[in-house]
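The following report describes helix packing and burial in a single protein model. Please read it alongside the sequence and the coordinates.

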Amino acid sequence: MDYIMNVIDILLERGFIEQTTHDEELRRYADKEQITCYIGFDPTASSLHIGSLVPIMSLAHMQRLGHRPIALVGGGTGLVGDPSGKTEMRQLLTSEMVEENEQGIKKQLSRFIDFSDDRALMLNNADWLTKLEYIPFLRDVGRHFSVNRMIKAESYKIRLESDEGLNFIEFNYMLLQAYDFLELYNTHNCRLQMGGSDQWGNIVAGVELIRRMRQETVFGVTFPLITTSGGAKMGKTASGAVWLAEDRTSSYDYYQYWINTDDRDVERFMALFTFLPMEEIRDIGKLDGSDLNSAKIVLAFETTLLAHGKDKAEKAYQKSASHFGARSISRDILPSSRIHTELQTDLQVSVKDDVAVNDDFATVDIVDSYVDEIELKAGIPAFKLFHTVGLTSSSSAARRLIQQGGAYINDERVKSFDQLINDDYLDEEETIVLRAGKKRFHKIKIIK
RNA sequence: GGUGGGGUUCCCGAGUGGUCAAAGGGAACAGACUGUAAAUCUGUCGGCGAAGCCUUCGGAGGUUCAAAUCCUCCCCCCACCA
């Protein structure tokens with residue numbers, strides 16, 4: 001094996017690749033030259049979520065191996081709406097929204113990709129798409145597209161067969177994305193486009209457009225759609241998407257999302273969402289229940305480290321340890337992880353009922369909300385407290401929760417829904433810890 | 001523009017005058033079992049300090065003791081025709 005693996009091989013090994021347009025040629029090209037490649041990001045929200053992590057990581061891998069990634073914000077295409085894989089027409093964006101979202105996206109991408117000194121580029125296709133003139137576009141670009149072929153494309157098929165139908169504006173999306181590729185090829189010698197598997201048709205359209213107009217071979221790679229073994233789409237939870245932005249999904253929640261990874265997914269996710277070496281990741285398959293949970297901690301730590309930085313990752317780790325009990329992580333598990341050097345993971349810290357709780361852990365807990373001293377002294381019915389604090393969506397829900405035995409205060413089950421909570425429940429730090437079910441905690445502190 | 005079919009609680013989907021806060025499934029939540037996993041079983045699943053009352057079946061009116069269900073107008077979606 002060469003001292004440096006081909007980037008395509010690496011992506012393949014880590015599970016990033018579903019299809020490529022020219023397997024062999026692409027590999028040879030990757031060996032020979034610095035590739036400029038691009039991925040489009042929809043500016044539909046001011047933050048990316050976990051669902052975009054595969055493209056992000058693949059760009060990061062590209063850069064790490066000396067290639068040049070372009071993150072293309074779909075400011076122009078966002079005004080049109082991609083029908084691929086969608087069962088219904090998307091809400092169209094205004095230019096102001098796009099602009100705002102672009103800023104958020106760049107900020108997040110910067111954590112994974114180095115944009116300094118043009119080592120990577122961030123472009124917005126609104127810069128060229130909004131300038132297009134209809135007739136010249138039709139004559140130069142449109143004539144290379146066969147409607148007969150387009151309507152056979154998978155990306156349109158669902159919609160053509162559905163009740164929803166396909167709007168003309170969306171039908172144009174493929175041409176615009178193909179044009180993007182052409183533009184990036186012209187201006188940046190970009191020869192590789194990557195994207196989700198639903199982008200296959202759009203990517204191929206670009207590859208073909210460039211061949212027709214420039215007589216050049218360019219490449220396309222698609223990622224598999226990552227689902228959890230439970231069948232859920234990556235990054236979707238009941239409460240919505242798991243965002244990369246901390247103000248939408250806290251680093252603790254982010255960390256917890258990864259901790260709750262299905263056993264069957266740990267190895268696969270480790271390969272996709274961390275940079276740990278594959279030799280070590282393959283060993284995860286040999287782990288049993290308990291050690292597998294340690295591996296999940298590493299996964300959560302590494303992913304949170306990438307998205308939010310070291311401090312946040314460490315805090316999330318400690319907060320989790322204080323809620324669920326710490327566990328020592330053998331250095332044999334993923335030895336390259338910074339968790340072994342940054343944190344004291346081999347320290348035998350107590351599980352809840354043990355005596356010696358590590359001091360670090362006690363101070364970490366973040367207070368989630370405050371309650372007025374006078375109000376608390378008067379006593380607050382438990383169900384009301386659980387509701388106002390946001391652990392349940394209504395006070396009826398809080399009653400149900402309590403009646404079903406799923407509500408805890410300071411680790412003790414709440415017995416009746418109108419149990420009065422007053423200052424007797426305060427601990428030395430003048431806080432009360434509420435818990436709903438096993439995993440949802442809320443710490444309140446008194447305010448004088 | 002014409003004809004026909006639709007719009008039901010988070011999603012799918014039953015319901016064509018009272019027994020409907022609305023079947024069934026999924027999702028979700030809680031309990032048991034556990035490893036903060038999965039699977040399984042049980043319970044819950046509009047709101048209200050829980051008695052009863054209030055709000056919900058695209059929107060606005062109307063008929064009726066009583067409307068998701070009937071009537072009128074309007075809005076939106078789909079199919080076929082033009």
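How many of the nine residues of helix α12 (residues 251-259) are buried? Eight of them are, so α12 is largely enclosed by the rest of the structure; buried means under 20% relative accessible area, exposed over 50% and partly exposed in between, with a 1.4 Å probe and protein chains only. This is a predicted model, in which local features need pLDDT of at least 70 and side-chain atom pairs count only at pLDDT 80 or more, while totals for chains, interfaces and linings use all residues. Residues are numbered from 1 along each chain as its sequence is written, chains are lettered from A and ligands numbered from 1 in the order in which they are written, and side-chain values use heavy atoms, with hydrogens and water left out.

The buried residues of α12 are Ser251, Tyr252, Tyr254, Tyr255, Gln256, Tyr257, Trp258 and Ile259. Their cover includes α3 (53-64), β7 (236-237), α13, α15, α16 (310-324) and β15 (440-447); helices (H or I, at least four residues) and strands (E, at least two) are DSSP runs numbered from the N terminus.

Helices α13 (residues 266-273) and α15 (residues 289-308) pack with their axes 10 Å apart, at an angle of about 20°, and are therefore roughly parallel to each other (angles under 35 degrees). Val266, Phe269, Met270 and Phe273 of α13 meet Leu292, Ala295, Lys296, Leu299, Thr303 and Leu306 of α15, where contact means heavy atoms within 4.5 Å. The residues of this contact divide into eight nonpolar, one polar and one charged.

The largest nonpolar core, a set of buried Ala, Val, Leu, Ile, Met, Phe, Trp, Tyr and Cys residues joined through side-chain atoms within 4.5 Å, has 73 residues, of which Met194 and Trp258 touch the most other members. Helix α15 supplies the largest share of this core, 10 residues. Apart from it lies another core, of 32 residues, among them Val141, Tyr179, Leu184 and Ile210.

Two buried loop residues can be set side by side, with contacts that leave aside neighbours up to four places away in sequence.

| Residue | Loop | Relative accessible area | Contacts |
|---|---|---|---|
| Serine 47 | between β2 (36-41) and α3 | 4% | Gln108, Trp243, Leu244, Ala245, Arg248 |
| Aspartate 265 | between α12 and α13 | 0% | Thr228, Ser229 |

Serine 47 also lies 25 Å in space, C-alpha to C-alpha, from lysine 439, with their positions 392 residues apart in sequence counted as separation.

Terms used: Axes are lines fitted to C-alpha atoms, for helices over the stretch in contact, and angles run from 0 to 180 degrees between N-to-C directions. Angles under 35 degrees count as roughly parallel, over 145 as roughly antiparallel, 65 to 115 as roughly perpendicular and the rest as oblique. Ala, Val, Leu, Ile, Met, Phe, Trp, Tyr, Cys and Pro count as nonpolar, Asp, Glu, Lys and Arg as charged, and the others, Gly among them, as polar.
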